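Visitor: Please take one part of this model and go through it slowly, so that I can follow it from one piece to the next with the structure in front of me.

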Amino acid sequence: MTSSPTVGVTGATGHVGGLVARALADAGIAQRLLVRSPWNAPDLPDAEVRRVAYGEDCAPALEGLDVVLMVSGAESEDRVGEHRAFVDDLAEAGVQHVVYTSFCGAAPDSTFLLGRDHWETEEHLRRSGLRTTLLRDNLYLEMLPAFVADDGALRGPAGDGRLAAVARADVARVATAVLLDPRRHVDRTYELTGPEALGLEE
């Protein structure tokens with residue numbers, strides 16, 4: 001008899017969430033895939049699928065879960081508001097622990113504007129009373145080709161800034177490790193980066 005899942009994974013139709021869901025399935029963990037498009041959810045053993053969209057009433061789909069991977073939502077006009085509503089739903093549903101994919105250097109005055117969104121979400125998580133693990137990812141390595149122009153030059157609004165881009169697969173491995181033993185990672189923040197910080201010229 002299959003046990004009821006106590007682990008939930010958002011974004012299981014995407015890059016990081018999909019990798020995590022597959023890794024949990026390989027480890028024999030029952031899970032609930034929390035996705036906007038259930039028809040696109042991966043077909044995994046011991047996985048049930050529920051529709052979840054940030055900003056909508058998600059609490060019923062979260063009931064019975066102990067720990068949830070909250071992959072940050074796509075950019076939108078009110079991403080922070082959508083995140084806050086989802087955190088409130090997690091608390092209402094009785095979820096105990098949230099693993100959130102934040103951004104490296106998240107702060108209220110981050111020069112990377114989306115870092116401010118992540119900080120606001122982190123603050124709401126702190127106020128919620130939920131146990132948390134924050135995965136502060138650097139820019140995804142796979143995004144860099146999008147900055148390459150037709151002439152082969154890598155361009156972006158970086159100035160003299162540096163980044164230690166991280167592969168999505170590495171972020172997924174860390175998230176999986178946390179979900180497999182969440183009690184070891186309560187109230188911890190992990191900065192997830194590549195091995196070296198480089199400027200765009202380098």
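**The sheet, strand by strand**

Guide: Strands β2 and β3 run parallel and are joined by five bridges, and within that pairing Val 35 has Arg 51 of β3 as its bridge partner. This is a predicted model, in which local features need pLDDT of at least 70 and side-chain atom pairs count only at pLDDT 80 or more, while totals for chains, interfaces and linings use all residues. Residues are numbered from 1 along each chain as its sequence is written, and side-chain values use heavy atoms, with hydrogens and water left out. The names are those of DSSP runs numbered from the N terminus (helices, H or I, of at least four residues; strands, E, of at least two), and two strands pair if DSSP finds at least two bridges between them.

The pairing of β2 with β3 belongs to an open sheet of seven strands, arranged in the order β3-β2-β1-β4-β5-β6-β7 with parallel pairing. At the edges stand β3 (47-51) and β7 (188-192), and because each of them has a single partner strand, one side of each is left without a neighbour in the sheet. Direction ignored, neighbouring strands of this sheet are turned by 20° against each other on average (axes are lines fitted to C-alpha atoms, for helices over the stretch in contact, and angles run from 0 to 180 degrees between N-to-C directions).

Moving inward from the β3 edge, we come to β2, which covers residues 31-35; five of its five residues are buried, so this strand is largely enclosed by the rest of the structure (buried is under 20% relative accessible area, exposed over 50%, partly exposed in between, with a 1.4 Å probe and protein chains only). Both of its faces are covered, with Gln 31, Leu 33 and Val 35 buried on one side, and Arg 32 and Leu 34 buried on the other. Strand β2 also pairs with β1 in the parallel sense, over four bridges, and there Leu 33 of β2 is the bridge partner of Val 9. Between these two strands the chain travels through helix α1 (residues 15-26), and the β-α-β crossover from β1 to β2 is right-handed (with the strands pointing away from the viewer, the path from the first strand over the helix to the second runs clockwise).

The next step in the sheet leads from β1 to β4, which run parallel and are joined by three bridges; in this pairing Val 7 stands opposite Val 67 of β4. Strand β4, like β2, is covered on both faces: Val 67 and Leu 69 are buried on one side, as are Val 68 and Met 70 on the other. Four bridges then connect β4 (residues 67-70) with β5 (residues 97-103), again in parallel, and among the facing residues Val 68 stands opposite Val 98, while Val 67 has His 97 of β5 as its bridge partner. Helix α3 (residues 79-93) packs on the sheet and touches β1 (7-10), β4 and β5, its direction making about 170° with that of β4 (contact means heavy atoms within 4.5 Å). Together, β4, α3 and β5 form a right-handed β-α-β unit. A further helix, α4 (residues 113-128), lies across β4, β5 and β6 (131-137), and runs at about 160° to β5.

Two loops that lead into the edge strands also deserve a look. In general, most residues other than glycine have a negative phi. Asp 46, in the loop between β2 and β3, has a positive phi, near 55°, without being a glycine, and with a relative accessible area of 36% it is partly exposed. On the way to the other edge, Asp 187 sits in the loop between α5 (168-180) and β7; this residue, also not a glycine, has a positive phi of about 60°, and at 56% relative accessibility it counts as exposed.

Helix α5, which comes before that second loop, contains Thr 176, and this threonine counts as buried at 8% relative accessibility. Apart from residues up to four places away in sequence, Thr 176 touches Val 20, Ala 23 and Leu 24, and the span of α1, the helix of the crossover from β1 to β2, is residues 15-26.
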